[in-house]
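Thanks for coming. I will go through one model today, starting with a term and then moving to the places where it applies. Please have the viewer open.

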Amino acid sequence: MRNLLIHYYNTLRRDAFTDKTTLVFGIALALKFLVFDVLWSIPTTFKPFSIFEFYPAKIVAILLLLFPVKVFRSRVAQTVVLFLLDGLLVANLMYFRTYYTAIPLASYGQAGNLADFMSSVVDSLRWVDLVFPLTTLLCIPFALKIWQKERRFSLYLTTLAVGAVALAVPTIAKGGYYKAYNDGRQQAYLCSSMPSVYTVFGSMLFDWIDSGKQLTDEMRAEVNAWLDARPKSPRYEGAKRKNCVVILCESLESWVLQDTVEGQEITPNLNRLLADTTTLYAPNVLTQVRGGRSIDAQLILFAGMLPLASGTYSSQYAGNEYFTIPKAMKAAYSSRGYLLTIDKLSTWNQGPVAQAFGVDTLIAYSDFRLDEAFGTHKRTGDRAFMRQCAEKIRAGEVWKNGENAFLQLVTYSGHAPFVIPEELRELHFSDAVPEKMADYMHAAHYTDSAIGEFVDFLKTLPQYDETLIVITGDHEGLADYRSAIRATDMGKKHVSAGLFTPLIVLNSPCGAMRYDGVMGQIDVYPTLLDLLGVVDYPWRGMGGSILNQAKAPFAVSPQLEAVGEGYDSASLDHARRAYDVSDIMLRFDFFKSED
């Protein structure tokens, strides 16, 4: 063993400093991975640096990426590889800043969906991202100056072999790569860090292996055991609502409600509605979306299921069998479902998803005039959108006379980077307010005015007394801007540290009610079933109704962190496992397989 180490040291001293071209490119690659891992760990945890596999995984990745210059002695091909890696790492960091995970393998083929959200994509770039292409540019003159044509493979192959064995042994000891990676995803303080431990290439490998899995008896038993262990909820006996209007607000967070900044009310219309004697208000709804963001919210709110661990259900499993709010209302009240959105139905496969959820009529991008349009792709502004929705109701195009209906309105103007044109802004802030915070409040105020007008219109309808109006956000909005904003005096005073969106229910059958406990978005589905009087629907969802007084006021984030109180180890474990159970149910069309 001693002789082997001495031989390796001598080879290292000779080859590493003789083949300086490879050394330069290798240092550049090492710096890229180091910067990537540091940036990935800052908002999560530096725990990956204490995991042994973290280091051999990087060694193997670096040596494989050096293949063009080491084997073919091609500086051009090696430079191309470095630039491609830059793009891959930066893209994953941008994705991570919103979704806290690496880009799912299936999503690389869906990049066209980003065309309508380019401003949001650009907004997720940071100056530090320039480090990646700069390291490539800086190594080029060194590689040109010290170009050498020697081909020495002993150190390269030996180090690659040692790194591969060092990576394989502990991974096999943990049950193999798939199990080791999957077990890490289920740990509260490591679930977001596996792409750092095994690199983004390891994340892709896991997704590829996972895509070939089949539903096993063990998986089916796991799902059924989890479902059987759900707390039993008592039947809610209250007045029924035969119509439901859901206004799903893009990126709406709770902290803007019932607050004033520099003497200005941010959401005066929503505040007025909160004061109504028939309003149910829950300000602390923990957002639980993952990579699908807005479309994930529709799954959680309307189908009572949590999103996929990796990938987007709307693109992969739109043809699944789902139990949903629109279908429940159709069964109970023969209602008709409507989706109204100014986005394209092709975006995140929204059209097929709506149909799978039981929506009958889809009214989208081409059905609306481009009034008050702004943003990169000039989408209709929320105020103009809701005015046109009111026009369609008046004309009988939507919610025909005598018809029970489920209406889903999806707003758009709250998309990052929250830039509302000056002529549509009604608030004025001083320089003491952080710019991104001010932008967000302008967007929230604009959407608030749209909601106020639309709700006032709904109250004039004869069917209003039998209508439940639900206003909620699809997810939090500030993403990684939150910490920078809260580092300021103004931000810390107003902006919530928690990722909460509000749940506002107007014309609630249980009258005025405020639920201040923490609830998850997954708890909205059973709550709406109760409020609508649909208590016998076969699928009660994966959450619990807040009308059940026994419900513990807590929820679990997509990073498996418990938020709230009133839970014990058993209930926390059950809530955490819900993510894996829902992932299995979605991937294998569980309801259809149970027929």
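First, the term cavity. On a 1 Å grid over the protein atoms alone, a cavity is a set of points where a 1.4 Å probe fits but cannot get out, and a lining residue has an atom within 4 Å of a point. Grid points are joined across faces, edges and corners, and a volume is the space filled by probe spheres set on the points.

Now the source. This is a predicted model, in which local features need pLDDT of at least 70 and side-chain atom pairs count only at pLDDT 80 or more, while totals for chains, interfaces and linings use all residues. Residues are numbered from 1 along each chain as its sequence is written, and side-chain values use heavy atoms, with hydrogens and water left out.

By that rule there are four cavities of 30 Å³ or more. I will take the second largest, which has a volume of about 80 Å³. Which residues line the second largest cavity? They are C249, E250, S251, L252, D382, T411, G414, F418, Y440, A443, A444 and T447. By class, that lining has six nonpolar, four polar and two charged residues. Here Ala, Val, Leu, Ile, Met, Phe, Trp, Tyr, Cys and Pro count as nonpolar, Asp, Glu, Lys and Arg as charged, and the others, Gly among them, as polar. Helix 19, residues 435-458, gives the most to this lining, with four residues. Helices (H or I, at least four residues) and strands (E, at least two) are DSSP runs, numbered from the N terminus.

One of those lining residues is a cysteine, C249. A disulfide is a pair of cysteine sulfur atoms within 2.5 Å, and the structure holds zero of them. For C249, the nearest cysteine sulfur is that of C389, 12 Å away. Are these two cysteines buried or exposed? C249 is buried, with a relative accessible area of 1%, and C389 is buried, with a relative accessible area of 1%. Buried means under 20% relative accessible area, exposed over 50%, and partly exposed in between, with a 1.4 Å probe and protein chains only.

Next, the cores. A nonpolar core is a set of buried Ala, Val, Leu, Ile, Met, Phe, Trp, Tyr and Cys residues joined through side-chain atoms within 4.5 Å. The largest has 67 residues, and Y313, Y322, F357 and W539 have the most contacts inside it. Apart from it lies another core, of 61 residues, with L252, M441, I485 and V495 among them. L252 also appears in the cavity lining I listed.

Back to Y322. Contact means heavy atoms within 4.5 Å. Leaving aside neighbours within four places in sequence, Y322 touches L299, A303, M305, Y313, Y317, K327, A356, F357 and L586. On the same basis, K327 is in contact with E321, Y322, A356, F357, G358 and Y537. K327 sits in helix 16, residues 325-333, and is partly exposed, at 23% relative accessible area. How far apart are K327 and G358? They are 31 residues apart in sequence and 5.3 Å apart in space, C-alpha to C-alpha.

Helix 16 also helps to cover helix 22. Helix 22 spans residues 524-531, and eight of its eight residues are buried. Its cover includes strand 4 (280-286), helix 14 (294-303), strand 8 (467-473), strand 9 (500-506) and strand 11 (519-520). Just after helix 22, G533 takes a positive phi of about 80°.

That leads to backbone geometry. Most residues other than glycine have a negative phi, and most peptide bonds are trans. R73 has a positive phi, near 55°, in the loop between helix 4 (67-71) and helix 5 (75-99), and R73 is buried at 9%. W399 also has a positive phi, near 55°. W399 is in the loop between helix 18 (382-394) and strand 7 and is buried at 3%. The peptide bond from A416 to P417 is cis, with omega near 15°. P417 is in the loop between strand 7 (405-410) and helix 19, the helix that gives the most to the cavity lining.

Last, a surface residue. K493, in helix 21 (residues 489-494), counts as exposed at 66% relative accessibility. The C-alpha atoms of K493 and V261, 232 residues apart along the chain, are separated by 9.6 Å.

Technical notes:
1 Å grid on protein atoms, 1.4 Å probe; cavity = no way out; pocket = protein on both sides within 12 Å on 5 of 7 lines; lining within 4 Å.
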